[in-house]
Amino acid sequence: MGINNSQLAGQPQATVGSTDDNAKAVVKPRHPESRLQSDWLFLYEKLPSNQWYSSDYAYKTSGWLNVHTNIRKRQRILKQLTEEHLMGALNWENYRSQVLQRISMHVLKLHQHHSVEDRGFFPEFVSSYPQLKRGFEILENDHVKLDALLDELLGLNDELAKAEQEDKFLVERLHKNLVAGTDFLSQHLTDEEDLVVPILGLRDG
Ligand SMILES: [Fe+2]
Ligand SMILES: [Fe+2]
């Protein structure tokens with residue numbers, strides 16, 4: 001199956017394919033490299049992503065989705081600024097002044113978000129839907145893997161704070177980290193939304 005731009009961007013979209021010999025409709029997760037099993041998508045089937053922002057559900061789903069939008073945006077800006085510097089469009093002082101605080105804030109907010117999920121929301125969701133336990137374990141494990149990337153990013157940011165002289169090798173390492181983080185976050189956030197947002201939208205209240 002081909003990948004469209006909306007899927008790559010993690011935009012809300014219903015993805016229903018007809019795959020088997022009986023032409024039975026199968027609901028598919030949105031990310032092309034999703035780890036989600038189709039039998040974990042029974043709630044997504046009831047509330048596909050093209051309904052997440054509708055008036056019936058947005059008051060319950062938009063808070064979570066907005067947090068993820070902001071995470072994607074901060075990550076994208078950091079990667080773009082780094083690429084601008086590498087291309088010569090942003091000088092060393094401007095680059096440093098624009099990214100030092102942004103990286104600190106981005107890492108802090110990601111840790112806070114993961115902590116709230118691991119300690120509060122995910123256990124609550126698993127107790128409501130024990131059949132999704134394995135899915136939430138994958139997401140928790142993602143947080144551990146992301147911690148390693150974020151630790152490296154903070155270390156590189158510390159080097160950047162001390163670097164008075166332009167250091168192309170340092171910026172290349174920052175870029176490599178930000179590209180890896182962008183790819184990982186795309187997969188993690190999209191899989192998480194496919195599991196979590198239908199729970200939020202379909203529950204009372
Ligand atoms: Fe998460
Ligand atoms: Fe999240």
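## Close-up views of a predicted two-iron model

**Figure 1. Spacing of the donor residues of the iron ion (ligand 1).** Along the chain, the donors of the iron ion (ligand 1) follow the spacing E-x25-H-x44-H-x3-E. Glu117 lies in helix α4 (residues 92-128) and Glu192 in helix α6, so the pair ties together parts of the chain that are 75 residues apart in sequence. The model shown in this and the other views is predicted.

**Figure 2. The site of the iron ion (ligand 1).** The coordinating atoms come from Glu117 (OE), His143 (NE2), His188 (NE2) and Glu192 (OE), at 2.0 to 2.3 Å from the iron ion (ligand 1). The angles among these 4 donor atoms run from 83 to 171°, and the site is irregular. Glu117 and Glu192 are both buried.

**Figure 3. The site of the iron ion (ligand 2).** Which protein atoms are the donors of the iron ion (ligand 2)? They are His68 (NE2), His113 (NE2), Glu117 (OE) and Glu192 (OE), which lie 2.0 to 2.2 Å from the ion. The arrangement is irregular because the 4 donor atoms around the iron ion (ligand 2) subtend angles of 77 to 150°. In sequence, these donor residues are spaced H-x44-H-x3-E-x74-E. The pair formed by His68 in helix α3 and Glu192 in helix α6 (residues 168-202) links distant parts of the chain, 124 residues apart. Both His68 and Glu192 are buried.

**Figure 4. Glu117 between the two iron ions.** The iron ion (ligand 1) and the iron ion (ligand 2) lie 3.4 Å apart, and Glu117 bridges them. Glu117 is a buried residue.

**Figure 5. Helix α3, which carries His68.** His68 is located in helix α3. This helix comprises residues 58-86, 29 residues in number, and reaches 40 Å from its first C-alpha to its last. That span is close to the 42 Å expected at 1.5 Å a residue. Where does α3 bend? The bend is at Trp64 and amounts to about 25°. After α3 comes Gly88, which has a positive phi, near 90°.

**Figure 6. The protein chain around the sites.** The chain contains 6 helices and 2 strands, and its pattern along the sequence is α-β-β-α-α-α-α-α. Of its 205 residues, 42% count as buried. Among contacts between residues at least 6 apart in sequence, 72% join residues at least 24 apart. The accessible surface of the chain comes to about 11,000 Å², and 49% of this surface belongs to carbon and sulfur atoms.

Definitions and conventions:
Residues are numbered from 1 along each chain as its sequence is written. Chains are lettered from A and ligands numbered from 1 in the order in which they are written. This is a predicted model: local features need pLDDT of at least 70, side-chain atom pairs count only at pLDDT 80 or more; totals for chains, interfaces and linings use all residues. Side-chain values use heavy atoms; hydrogens and water are left out. Helices (H or I, at least four residues) and strands (E, at least two) are DSSP runs, numbered from the N terminus. The expected span of a helix is 1.5 Å times one less than its number of residues. The bend at a residue is the angle between axes fitted to the seven residues ending there and the seven starting there. Donors are N, O and S atoms within 2.8 Å of the metal (3.2 Å for Na, K and Ca); water is not among the atoms, so sites may look incomplete. Four donors count as tetrahedral if all angles lie between 85 and 135 degrees; four count as square planar and six as octahedral if opposite donors are over 155 degrees apart and all others between 65 and 115; anything else is irregular. Buried means under 20% relative accessible area, exposed over 50%, partly exposed in between (1.4 Å probe, protein chains only). Contact means heavy atoms within 4.5 Å. Accessible areas come from the Shrake-Rupley method with a 1.4 Å probe; for residues, only the protein chains shown count as cover.
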